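Trainee: I have a structure open and would like to learn how to read it. Can we start with the sheet and then go on to the cysteines?

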Amino acid sequence: MSANLQPDMTTLVAAPTARTKLAARLEPFDSYWQAPEDVESGYRLFTAYYRANYLPHLPADRDARILVISCGPGYLVNVLRQAGYKNVLGVDSDAAKVEHAHRKGLPCEVAQAFPLLEGKQNEFDVIIPEQELNHLTIEETIEFLKLCRHALRPGGRVIVYAMNGANPLVGSENVAHNIDHFYNVTEHSLKQLLELGGFVHARPFPLKLYDFWKNPLNYVGLAVTTVLELVMRLIFTLYGKKVTILTKKIAAVAERPG
């Protein structure tokens with residue numbers, strides 16, 4: 001991390017001045033929950049996933065200031081540093097998870113998402129929450145996106161994801177199986193949320209789950225899900241619905257107006 005960046009980044013972890021009580025009770029939005037039981041193995045297991053899904057949507061400038069919210073043990077932060085991004089900060093509300101990141105020498109701090117972003121202006125080029133947006137209520141989501149917009153520089157981008165309600169096989173189950181999942185989205189409603197947050201040029205994209213190519217079974221999983229999604233897309237078309245993304249999870253990148 002460059003010497004002139006560190007002082008600015010450390011000032012981000014401040015006393016709470018904004019919303020600190022969120023609706024989610026078991027899986028809070030500002031703490032990463034997907035780590036495997038063997039936390040250390042996640043640094044290896046999640047590398048392919050983040051490289052396939054996130055790196056194509058990041059700026060080419062390796063000096064871009066990137067904030068990773070709900071960073072957990074720092075899996076994405078680690079991938080970004082390996083990719084050459086020098087000005088990265090991860091934050092998570094769970095001190096035990098952040099401690100794992102510190103052991104790896106990663107620039108992560110303990111902080112809550114909403115108080116962290118409150119009052120920030122033009123400080124980042126990219127903001128990425130690693131937790132699904134639907135761990136917030138609709139109202140909390142819009143509030144969060146507005147805070148992100150203010151914290152980004154003009155032309156900066158946010159990369160978000162949520163559970164995809166367009167998939168008829170798992171869409172309803174995504175909400176029903178977890179009391180901290182408050183809604184599903186489709187590519188259309190995800191763009192609506194980003195628009196209400198003040199973002200423009202929202203571009204939804206599918207999240208690739210089968211990217212661990214060392215396991216031959218992943219090729220089977222990719223083939224089966226690809227066929228199923230093509231069939232589901234045809235059915236939606238027959239019903240007059242313009243649905244193109246049917247993966248289990250859906251993401252989007254959007255920009256703060258310049």
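Mentor: Yes. Keep in mind that this is a predicted model.

Trainee: What is the order of the strands in the open sheet?

Mentor: Read across the sheet, not along the chain. Here the 7 strands follow the order S3-S2-S1-S4-S5-S7-S6, and the pairing is mixed. From one strand to the next, the twist averages 20°.

Trainee: Which strands stand at the edges?

Mentor: Look for strands with a single partner. They are S3 (108–110) and S6 (200–206), so each has one side without a neighbour in the sheet.

Trainee: Strand S1 has neighbours in that order. How does S1 pair with S2, parallel or antiparallel?

Mentor: S1 (residues 65–69) and S2 (residues 87–92) run parallel, joined by 5 bridges. To find your place, note that Val68 stands opposite Gly90 in S2. Between the two strands, the chain passes through helix H4 (residues 75–82), and this β-α-β crossover is right-handed. With S4 (residues 124–129), S1 forms 4 bridges, also in the parallel sense. There, Leu67 stands opposite Ile127.

Trainee: Are the faces of S1 covered or open?

Mentor: Sort the residues by the side they are on. Arg65, Leu67 and Ile69 lie on one side, Ile66 and Val68 on the other, and all are buried. That makes 5 of 5 residues in S1 buried.

Trainee: Do S5 and S7 run parallel or antiparallel?

Mentor: Antiparallel: 7 bridges join S5 (residues 152–163) to S7 (residues 249–255). One pair to look for is Met163 with its bridge partner Lys249 in S7.

Trainee: Which helix lies across S5, S6 and S7?

Mentor: Helix H9 (residues 187–196) does, and it runs at about 35° to S7.

Trainee: Now the cysteines. How many disulfides does the count come to?

Mentor: A disulfide is a covalent bond between the sulfur atoms of two cysteines. To count one here, the two sulfur atoms must be within 2.5 Å. By this rule the count is 0.

Trainee: Why does Cys71 not form a bond with Cys108?

Mentor: Cys108 holds the closest cysteine sulfur to that of Cys71, but the distance is 3.8 Å, which is too far for a bond.

Trainee: Is Cys71 buried or exposed?

Mentor: Look at the relative accessible area, where buried means under 20%. Cys71 has 0%, so Cys71 is buried. Cys148 is also at 0% relative accessibility and therefore counts as buried.

Conventions
Residues numbered from 1 in each chain as written. Predicted model: local features only at pLDDT ≥ 70, side-chain atom pairs only at ≥ 80, totals over all residues. Heavy atoms only, no water. Pairing = 2+ DSSP bridges. Axes fitted to C-alpha atoms, helices over the stretch in contact; angles between N-to-C directions. Contact = heavy atoms within 4.5 Å. Buried < 20%, exposed > 50% of the residue type's maximum accessible area, 1.4 Å probe, protein only. Right-handed = clockwise from strand over helix to strand, strands pointing away.
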